[in-house]
Amino acid sequence: MQNNRRRFDRVHLTTPLPAKIGGGRGFILDVSLSGFRVAHQHLVSVDTACVVEVEWQGDRAVIDCRVIRTHAHRASTSRVYHTGLEMLSSPATLIRELIEWHVLRALDEQKANARGVPPVAAQSVQTGGGRDYVRHEWMGSDWRALPTSDPRQPRQGFTVAAATTAEEVAMLRQTFEQGDRTAREMLRKMAEMSISSADGIPTRKYTP
């Protein structure tokens, strides 16, 4: 029972969620009822306080956390830190809803797998490996989306898996539009990491 509980109250986000991490820009990669795994570009120290500010589906939460571990994760030519954060208070309603949403989607995926529903109907994808991408390019006042088999990231925009949902694309576009050069570089690195695995393929299977 305990193992099942731990499995379902920690989820890996199929698309990194933009957030402010200790006042700087970053992304939430994993979330649980007790903390986060985040990616960011500024150095933090273990056992120090860190505030996470996040928005999801129109709601916003500011969460006091403590750094419990951190390490440098090399992504292309830029250094990105992956950091584990422990919440210092009960999780906000937004966090509980975010976890619940991913768990319900996971259950839907499992039911679809059992019925043999093909990947074309997928709500989520296993990152990497597939050769169907969409390049989203910011033209200065509007976006252009181009199907491509090239996983490289454009300078003015980002490339993600073709199965990325419209809601997730809209979130990434908004982050790109509003971000400075550092934030845009971080977003491209996260997009690059999400499609870089050689063995992933589009699938309905999703395990939080």
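This passage walks through a predicted model of one protein chain, from its overall layout to a sheet, a pocket and a single threonine.

Taking the whole chain to begin with, the model holds 4 helices and 9 strands. Reading along the sequence, these elements come in the pattern α-β-β-β-β-β-β-α-β-β-β-α-α. The chain has 208 residues, and 45% of them are buried. As for the outside, about 11300 Å² is exposed, with carbon and sulfur atoms supplying 49% of that area. Contacts also reach along the sequence: among those with a separation of 6 or more, 59% link residues that sit 24 or more positions apart.

One part of the fold is an open sheet of 3 strands, arranged in the order β8-β7-β9 with antiparallel pairing. The edges are taken by β8 (143–148) and β9 (157–161); each has a single partner strand, so one side of each has no neighbour in the sheet. From one strand to the next, the twist averages 20 degrees. Looking at one of these pairings in detail, β7 (residues 133–138) is joined to β9 by 5 bridges, and the two run antiparallel. Here Y133 faces A161, which belongs to β9.

Two helices go with this sheet. Helix α3 lies across β7, β8 and β9, and its direction is at about 160 degrees to β9. Helix α4 (residues 181–194) packs on the sheet as well, where it touches β7 and β9 and makes an angle of about 20 degrees with the direction of β9.

Now to strand β1, back at the start of the strand series. Of its 12 residues, 9 are buried, so β1 is largely enclosed by the rest of the structure. Strand β1 pairs with β2 in the antiparallel sense, over 8 bridges, and R10 stands opposite S32 of β2. The hairpin made by β1 and β2 has 2 residues between the strands, and G22 in this hairpin takes a positive phi near 60 degrees. Strand β1 is also joined to β4, this time by 3 bridges, and again the strands run antiparallel. On that side, K20 has E53 of β4 as its bridge partner.

These elements come together again at the largest pocket, which has a volume of about 780 Å³. Its lining counts 31 residues, and L17, P18, E55, M171 and T175 are the ones nearest the centre. Several elements each give at least two residues to the lining: β1 (10–21), β2 (24–32), β4 (49–56), α2 (93–115), α3 and α4. Strand β1 provides the largest share, with 7 residues.

That leaves T175, a good spot to finish. This threonine sits in helix α3, which spans residues 166–178. The cut-off for calling a residue buried is under 20% relative accessible area, and T175 counts as buried because its relative accessibility is 17%. Setting aside neighbours within four places in sequence, T175 is in contact with P18 and L187. Of these contacts, P18 turns up again in the pocket, since P18 and T175 are both among the lining residues that lie nearest the pocket centre.

Notes: Residues are numbered from 1 along each chain as its sequence is written. This is a predicted model: local features need pLDDT of at least 70, side-chain atom pairs count only at pLDDT 80 or more; totals for chains, interfaces and linings use all residues. Side-chain values use heavy atoms; hydrogens and water are left out. Buried means under 20% relative accessible area, exposed over 50%, partly exposed in between (1.4 Å probe, protein chains only). Contact means heavy atoms within 4.5 Å. Accessible areas come from the Shrake-Rupley method with a 1.4 Å probe; for residues, only the protein chains shown count as cover. Two strands pair if DSSP finds at least two bridges between them. Axes are lines fitted to C-alpha atoms, for helices over the stretch in contact, and angles run from 0 to 180 degrees between N-to-C directions. On a 1 Å grid over the protein atoms alone, a cavity is a set of points where a 1.4 Å probe fits but cannot get out, and a pocket is an open set with protein on both sides within 12 Å along at least five of seven lines; lining residues have an atom within 4 Å of a point. Grid points are joined across faces, edges and corners, and a volume is the space filled by probe spheres set on the points.
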